[in-house]
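Student: I'm new to this structure. Could you pick one part and take me through it slowly?

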Amino acid sequence: MHLKRLFLVAICALAAFAAAPAVRQALAEDAAKPADPGLSDVLTDLLHGVEGENGTSGPDKRVPFGREEVQLSFAPLVKQTAPAVVNVYASQTAKVVSPFEGDPFFEEFFGRAQPRAQSSLGSGVLVDPSGVIVTNYHVIKDADEVKVATADGREFTSKVMLKDETLDLAVLKISADKPFPVIAIGDSDALEVGDLVLAIGNPFGVGQTTTSGIVSALARSHIGVSDSGYFIQTDAAINPGNSGGALINMGGQLVGINTAIYSRSGGSIGIGFAIPSNMVRAFADAAKAGLDFFERPYIGAEFEAVTPQIAESLGMEKPTGALVSSVEGAGPAGKAGLKPGDVVLSLNNTPVESIEALDYRMATLSIGTKATFAILTKGQQATLEIPLERAPEGARAVEVTLHGRSPFSGAKVTELSPRLAQRLGLRTDLKGVTVVDVNRDSPAADFGFQPGDIVREVNGTTIDTAATLAQAAQQDTRWWRFTVERGGQILRQVLRY
């Protein structure tokens, strides 16, 4: 029996040896043929970032592969950037109006109303080793004193170099013997939806906070934060006190200044907004240059939104671009051939989706250069090269501070020029007499006058010069009727004062 088993094993071995060359040849032929990828092969390629025929992923952007990569930490990135994020503490003295003010009898018993201190807290980002800090305008608005606390516990009194309410940006300056840590300003135009970002803030009394998320959307507008309508939306939690903090990319570069959240309760619900870093860079450069306000390039044209009805009337497939509403004939745009009714489709080969996008793109360009505008004119596409100039100063108008017993007392007024209109955030084609400043403790402030208000008429007198308004404000009357233009709206007021 044992010999029989040995005989069968020997026969099988001989057969296998004889078939080995044929098997090897068949395996070689199968290896030469293109094999259909299995599910495991496809998943492996996707995880590794291998680009397929129609794939868009690449080796530079992919999901984590393996436990080691899942356990990666943002800690080195935070250590690199967090020291440049500071706390901004702004304080102001608010006037308290007592119901007994002016009555000697009640003031004797209750005393005069004492001023009350108010404060606001926010964050800021060091962008220059000399101590230049970028933060939000609303953090330091109307502040009498602005202090800065750095991440290492030091505290400094800062100076406001430049501020702009329409952009909700402000630049502060602090000084020390040694250079400050900074975050390099990156290119916000390189951001894509889905990119990883970190939001870092330093609200006073809480300490530094860091949250992570992704870019949810780009070019968000009409969120009610400021007149600038071009924001980065992120789901990285931006909590109260983090306004003015840094939004950074995975390269440790500043790509935005956190400015607002969308919330019904006051807490973060995953919808935050940041001002793009390209705007921040242009604003910081203006502050370093010593400008008294953020100058935007002037071309002598005004724009409005392209509505679906306008797009249909112009034969456009969809409402996009910015419609030219008016053109100054002697301005750069007028000389280049731009006309009312034209639609700007792109600026320097970058598509312009809306009027907010055009305003943003224009603001980030440098005065003294030229820009290429692709436009739609009379149903045909054309290209114009328009110089970007400084807004004209106009005639040297005199600023007049109004006095006397009138609602205008305490207001400083002058005649509008394109440059002044730009500084006040108005349309550069507006004319008239405007308020440029208001004394905080004056009748004009009590009645609600604001810089940028254009006074059109007082007690039946048309106001066309500052001298005319000064004369009208000296009238000996207790009844006042006046018309003011504010934000494109006409306000008419009748009061007894």
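Tutor: Let's take a close look at the nonpolar cores, with the whole chain as background. This is a predicted model, where local features need pLDDT of at least 70, side-chain atom pairs count only at pLDDT 80 or more, and totals for chains, interfaces and linings use all residues. Residues are numbered from 1 along each chain as its sequence is written, and side-chain values use heavy atoms, leaving out hydrogens and water.

First, the background. Of the chain's 497 residues, 40% count as buried, meaning under 20% relative accessible area with a 1.4 Å probe, protein chains only. The chain has 13 helices and 26 strands; these are DSSP runs, with helices (H or I) of at least four residues and strands (E) of at least two, numbered from the N terminus.

Now the main part. A nonpolar core is a set of buried Ala, Val, Leu, Ile, Met, Phe, Trp, Tyr and Cys residues joined through side-chain atoms within 4.5 Å. The largest one here has 47 residues, and those with the most contacts inside it are Val134, Leu169, Ile183, Met279 and Phe294. Helix H7, residues 277-288, gives the most to this core, with 7 residues.

Zoom in on Phe294. Not counting residues up to four places away in sequence, Phe294 touches Leu162, Asp164, Leu167, Met279, Ala282, Phe283, Ala286, Ala363 and Gln422, where contact means heavy atoms within 4.5 Å.

There's also a second, separate core of 20 residues, and Val413, Val438, Phe449 and Leu469 are among them.

Key:
Buried < 20%, exposed > 50% of the residue type's maximum accessible area, 1.4 Å probe, protein only.
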